[in-house]
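Me: Can you walk me through this protein, one question at a time?

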Amino acid sequence: MRTATYFFIFLNLSLAMFEEPAVYPLPFLVTSLVEVLCLLVFLGRLAHFATVTLHNVFWKDTKNICIMVAILLSLVDLAIYGALRAHGVTSIRWSRIVRPIFLINFAESRQIRRAFRSIRNTLPDITYVFLLFMFSLLMFSLMALKLFGDRNLQTAEGLPYFRNYLEIVFDLYVLVTTANSPDVMMPAFDFSSWYALFFIAFVIINTYIFMSLFLAVVYNNYKKHLKVMLGGGIA
């Protein structure tokens, strides 16, 4: 039963690769029949839980409620999408976002559920570090606007360089990953090589210090919550 449940969960999640817009598109009838089959299997598995679980316990378990709601939403969305498609109306399958619920809430997915709970419990602990990082990013963006905004610099494509605050925030956010380095600083560097110090300071503070601190906080708190859950036997 566990293998069959995992197989149909995997099959249900894999439908995103074959539904429009898809990597390997298949006819809507094929994908809809496969999805209905998966939902019927999930419903059958849920009915099996109901037969071997006390009635009061079954209906108080939020995991079972989540699965039933996800099945209902998927069927409603499938029916609406099919009706609109039959009338030539373009729409989207919004119920795709509920498919991971099946992976998390079935009893067989205890380890995944523990990992998910640990991630959820870790989020409040990393909020302060994340806010401090965002404050640093916004302050550096403001400094970049003051330094380069009035110098009429241009990028290699001839576009205005660091004149819009939100665009500066995005460019420096990408610079944290070093994905646009050193291209993002070349217009300023060509104007004066001393401006390289601004970007060097930004990378040292935000990439090397804040990202290392962020990773350490995430790892330590995740490990702490996971140990608590394993010690308490939370399912």
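Me: How far apart are the end C-alpha atoms of residues 126-145?
Reply: Keep in mind that this is a predicted model. The span 126-145 is 100% helix and 0% strand. Its end C-alpha atoms lie apart by 29 Å.

Me: Which spans does the UniProt annotation "transmembrane region" cover?
Reply: The annotation comes from an unreviewed UniProt entry. One of its spans, 194-219, is 92% helix and 0% strand, with end C-alpha atoms 37 Å apart. The full list in the record is 26-44, 65-84, 126-145, 165-182 and 194-219.

Me: Which helix gives the largest share of the largest nonpolar core?
Reply: That core has 23 residues, and among the members touching the most others are Phe148, Leu172 and Phe202. Three helices, α6 (110-148), α7 (165-176) and α9 (196-232), each supply at least two residues of this core. The largest share is six residues, and they come from α9.

Me: What does leucine 172 touch, leaving out residues up to four places away in sequence?
Reply: Leucine 172 is one of the core members that touch the most other members, and it is buried in α7. Leaving out those sequence neighbours, its contacts are Leu137, Phe140, Ser141, Phe162, Phe199 and Phe202.

Me: How many residues are in the second, separate core?
Reply: This one includes Ile67, Ala70, Ile71 and Phe102. Its count of residues is 14.

Me: What distance does α7 reach from its first C-alpha to its last?
Reply: α7 has twelve residues, and at 1.5 Å a residue you'd expect 16 Å. The model comes close to that, with a reach of 17 Å.

Me: Which residue's side-chain oxygen reaches the backbone nitrogen of leucine 166?
Reply: Look at the start of α7. There, a side-chain oxygen comes to within 3.1 Å of that nitrogen, and it belongs to asparagine 164. Just after the helix, you'll also spot threonine 178 with a positive phi of about 60 degrees. So much for the helix ends; the residue asked for is asparagine 164.

Me: Is asparagine 12 buried or exposed?
Reply: Asparagine 12 is found in helix α1 (residues 2-14). It touches Glu35, Cys38, Phe42, Arg99 and Phe102, not counting residues up to four places away in sequence. Its relative accessible area is 1%, and buried means under 20%, so asparagine 12 is buried.

Me: How far apart are the C-alpha centres of domain 1 and domain 2?
Reply: The domain assignment gives domain 1 as 1-108 and domain 2 as 118-232. The distance between their C-alpha centres is 39 Å.

Notes: Residues numbered from 1 in each chain as written. Predicted model: local features only at pLDDT ≥ 70, side-chain atom pairs only at ≥ 80, totals over all residues. Heavy atoms only, no water. UniProt positions renumbered as here; feature names shortened; annotations may be inferred. Helix = DSSP H or I, 4+ residues; strand = E, 2+ residues; numbered from the N terminus. Core = buried A, V, L, I, M, F, W, Y, C linked by side-chain atoms within 4.5 Å. Buried < 20%, exposed > 50% of the residue type's maximum accessible area, 1.4 Å probe, protein only. Contact = heavy atoms within 4.5 Å. Expected span 1.5 Å × (residues − 1). Polar contact = N/O pair within 3.5 Å; in protein donor to acceptor, adjacent residues only side chain to side chain. Domains from an automatic or database assignment.
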